[in-house]
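Colleague: Mind walking me through this one? I'd like to start with the overall layout and then get to the details.

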Amino acid sequence: MLRDALHGLRSLLFDPDSFFETHPPERSLAGAALVVVAVAVVTSVVVAGIGEYMAAQIDATVTRTTMEPWSESMCQSFADMDGPLPEPCTIDEPRTEQVSVGAELRDEVYGRIPVIFFATLLGWVLVAVALHAVGAFTGSRGSFTATLSVTGWAMPAQLVQTAFGVVGLVVLFSGVDFASDPELLADQLRQLTNTTGTAIGTLGALVGAAWQAYIWTHGLHESHDATFGSAAAASGVVAVLLFVASLA
């Protein structure tokens, strides 16, 4: 079963014409939807791994205030009621704790995982809408169900962008001795965002968009009674829009 799945994936990515002959888009929406969910899961797992990697690379800590002492007048009010004093009335100095910057970044990344998962699903639908609309303008004649299926089947190519992004992050962080001072660390991170790693991520976005357009072209040609040229034109326009959106 795994061998068949890998063969199907290889066919989809490198020979989409043959793939769509055996998986007609208008009759394979359920399979395409499963592929989209799998891509969303893989992307989420990769993002979680990025969070762990960042936490392991950054040792800086910051001091966070967890409790401030209350004013004397406020505490006196509680004392006059002959009840137990709240804990802020029992301390003279602010209570603080040391917090790992890396752990904070990791938690921030973890908090974005549900957004990334559902954004992947929403992105599938939005790209399908755009592809269907542009395809209708260039002469494609097919159902939206087929377009949605074609778009879903092409989603594994999006993982190319994810892979490039991971490589870019590793390039950014490799060999960098991160400062323990939070302000200096913030300056380092700002400088790193304009280096080679960002260029690698941009290249990944370009390759991912182009690869998806390649699959879309064959899918539209197979399912929309469209000439190869009109299918390629619609796919190219949407791929450019997708690439530009990924840079925002």
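Modeller: Sure, and keep in mind that this is a predicted model. From the N terminus on, the elements go α-α-α-β-α-β-α-α-α-α-α-α.

Colleague: So is the chain a compact globule or more spread out, and what is its radius of gyration?

Modeller: For 248 residues the globule rule gives 18 Å, and this chain is well over that, so it is more spread out than a compact globule. The C-alpha atoms fill a box of roughly 85 × 45 × 40 Å along the principal axes. The radius of gyration itself is 26 Å.

Colleague: And what share of the residues in the chain is buried?

Modeller: Buried here means under 20% relative accessible area. Across the 248 residues of the chain, the buried share comes to 36%.

Colleague: On to helix H5: where does the kink lie?

Modeller: Helix H5 covers residues 101–138 and has a kink of about 35 degrees. There's a proline, Pro114, and the kink comes shortly before that proline. The kinked position is also among the buried residues of H5, and the residue is Ile113.

Colleague: Which residue does Glu108 meet in a salt bridge?

Modeller: Side chains of opposite charge can pair when their charged atoms come close. Glu108 is partly exposed, because its relative accessible area of 46% falls between the 20% and 50% cut-offs. The partner also lies in helix H5, four residues apart from Glu108, about one turn of the helix. The N to O distance is 3.4 Å, and the partner is Arg112.

Colleague: Which residue pairs with Arg64 in a salt bridge?

Modeller: The closest N and O atoms of that pair are 3.9 Å apart, and a salt bridge needs them within 4 Å, so the pair counts. Arg64 sits in strand S1 (residues 61–67), and its partner is 33 residues apart in strand S2 (residues 95–100). Both are partly exposed, Arg64 at 35% and the partner at 37%. That partner is Glu97.

Colleague: Last one: which residues make the nonpolar surface patch of about 230 Å²?

Modeller: One member, Val37, is in helix H3 (residues 29–57). Val37 has a relative accessible area of 37%, and patch residues need over 30%, so Val37 qualifies on that count. The patch is made by Val37, Val41 and Val45.

How values were computed
Residues are numbered from 1 along each chain as its sequence is written. This is a predicted model: local features need pLDDT of at least 70, side-chain atom pairs count only at pLDDT 80 or more; totals for chains, interfaces and linings use all residues. Side-chain values use heavy atoms; hydrogens and water are left out. Patches are made of residues with over 30% relative accessible area and no salt bridge: like charges are joined within 9 Å, nonpolar side chains (Val, Leu, Ile, Met, Phe, Trp, Tyr) within 5 Å. Accessible areas come from the Shrake-Rupley method with a 1.4 Å probe; for residues, only the protein chains shown count as cover. A salt bridge is a side-chain nitrogen of Lys or Arg within 4 Å of a carboxyl oxygen of Asp or Glu. Helices (H or I, at least four residues) and strands (E, at least two) are DSSP runs, numbered from the N terminus. Buried means under 20% relative accessible area, exposed over 50%, partly exposed in between (1.4 Å probe, protein chains only). The radius of gyration is taken over C-alpha atoms; the globule rule is 2.2 Å times the number of residues to the power 0.38. The bend at a residue is the angle between axes fitted to the seven residues ending there and the seven starting there.
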